[in-house]
Amino acid sequence: MNYLIVGLGNIGKEYEDTRHNIGFMVVDEAAKQAGATWSLLKLAYYTEFKQRGRNVYMIKPTTFMNLSGKAMNYWMQQLKVPLENVLVVVDDLAIPFGSLRIKPKGSAAGHNGLRSIEATCGGQNYPRLRFGIGDNYPKGRQVDYVLGPFDHDEQKDLPALIDHAVKMIQSFVTIGIELTMTNLNTK
């Protein structure tokens, strides 16, 4: 069985520790825990490892957030991974900071990375791990908020949350989305 884990984010030092890059942070930690290293390949940073006899491929698109679907579609085709075995790790303004939810499908909800995936990969029926970043920003300041760093209090909680997200990825690969939703989704 082949699985593709797609961490969404933007490449470049200026985006490194921003809320919008939580997808990159989560897959970086998953790769680290698996002892895997990243290589820069076509449209993405790429790594792979085995987990309980399953092939786990991970990418961090280098296309920038708004063209994430281009990289995801390319790697799905290259690796012959069916859409139901793809998991997109994404920041989500609609759920509170610290909330982690895995879902089998859903709308883009205004997220440009997800919008690109919908347009390129054939709709909304792909699993995603939504990492809540909250919506604690003044009206009209959404872009500054998502492209800004986590605040001091959030940074203290981040390692444990990222670790929980990695457990969710491992569970998705090992026992599937339904049981992962039941066992590991947080409020």
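In this predicted model, Lys80 counts as exposed because its relative accessibility is 68%, a value that lies over the 50% limit used for that class. Lys80 belongs to the loop between α2 and β5, and its backbone has a positive phi of about 55° although the residue is not a glycine. Most residues other than glycine have a negative phi. Leu43 likewise has a positive phi, near 65°, and is not a glycine either; its place is in the loop between β2 (39-41) and β3 (44-51).

From the loop that holds Lys80 the reader can pass to strand β5, where Asp92 has its place. Asp92 counts as buried because its relative accessibility is 12%, which falls under the 20% limit for that class. Not counting residues up to four places away in sequence, Asp92 touches Arg130, Phe131, Gly132, Ile133 and Gly134. For one of these partners, Arg130, the separation along the chain is 38 residues, whereas the C-alpha atoms of Asp92 and Arg130 are 5.7 Å apart in space.

Phe131, which Asp92 touches, leads on to the nonpolar interior. The largest nonpolar core has 34 residues, and the members that touch the most other members are Ile5, Val26 and Phe131. Helix α5, residues 152-175, gives the most to this core, with nine residues. A second, separate core has 24 residues, among them Val6, Tyr46, Ile59 and Val81.

Val26, one of the three residues of the largest core with the most contacts to other members, lies in helix α1. Val26 is classed as buried because its relative accessible area is 0%. Which residues does Val26 contact, leaving aside its neighbours within four places in sequence? They are Val89, Phe131, Ile162, Ala165, Val166 and Ile169, so that Phe131 appears as a partner both of Val26 and of Asp92. A further distance can be given along the chain from Val26: Thr37 is eleven residues away in sequence, and the C-alpha atoms of the two are separated by 14 Å.

The next topic is the largest pocket. Its volume is about 490 Å³, and it is lined by 26 residues, of which His20, Gly110, His111, Asn112 and Gln142 lie nearest its centre. Several elements give two or more residues to this lining, namely β5 (86-92), α3 (112-121), β7 (128-132) and α4 (142-146). In composition the lining residues divide into twelve nonpolar, nine polar and five charged.

Among the residues nearest the centre of the pocket is His20, and an unreviewed UniProt entry covers His20 with the annotation "active site". His20 is found in the loop between β1 (2-7) and α1 (22-34). Is His20 buried or exposed? His20 counts as buried because its relative accessibility is 12%, which is under the 20% cut-off. Leaving aside its neighbours within four places in sequence, His20 is in contact with Leu8, Gly9, Asn10, Met65, Asp91, His111, Val146 and Leu147; of these partners, His111 is itself listed with the residues nearest the centre of the pocket.

The unreviewed UniProt entry also carries a "binding site" annotation, which covers Tyr15, Phe64, Asn66 and Asn112. The lining of the largest pocket includes Tyr15, Phe64, Asn66 and Asn112, so the annotation can be read together with the computed pocket, with the caution that UniProt annotations may be inferred rather than shown by experiment.

Tyr15 is found in the loop between β1 and α1, where His20 is also found. Tyr15 counts as partly exposed because its relative accessible area is 21%, and partly exposed residues fall between the 20% and 50% limits. Leaving aside its neighbours within four places in sequence, Tyr15 is in contact with Asn10, Asn21, Phe64 and Leu147. Of these, Asn10 and Leu147 are also listed as contacts of His20, while Phe64 is covered by the "binding site" annotation.

Asn66, another residue under that annotation, is found in the loop between β4 (54-61) and α2 (68-79). With a relative accessibility of 49%, Asn66 counts as partly exposed. Not counting residues up to four places away in sequence, Asn66 touches Asn112 and Ser116. Asn112 in turn is covered by the "binding site" annotation and is one of the residues that lie nearest the centre of the largest pocket.

Technical notes. Residues numbered from 1 in each chain as written. Predicted model: local features only at pLDDT ≥ 70, side-chain atom pairs only at ≥ 80, totals over all residues. Heavy atoms only, no water. Helix = DSSP H or I, 4+ residues; strand = E, 2+ residues; numbered from the N terminus. Buried < 20%, exposed > 50% of the residue type's maximum accessible area, 1.4 Å probe, protein only. Contact = heavy atoms within 4.5 Å. 1 Å grid on protein atoms, 1.4 Å probe; cavity = no way out; pocket = protein on both sides within 12 Å on 5 of 7 lines; lining within 4 Å. Points joined across faces, edges and corners; volume = space filled by probe spheres on them. Nonpolar A, V, L, I, M, F, W, Y, C, P; charged D, E, K, R; others polar. Core = buried A, V, L, I, M, F, W, Y, C linked by side-chain atoms within 4.5 Å.
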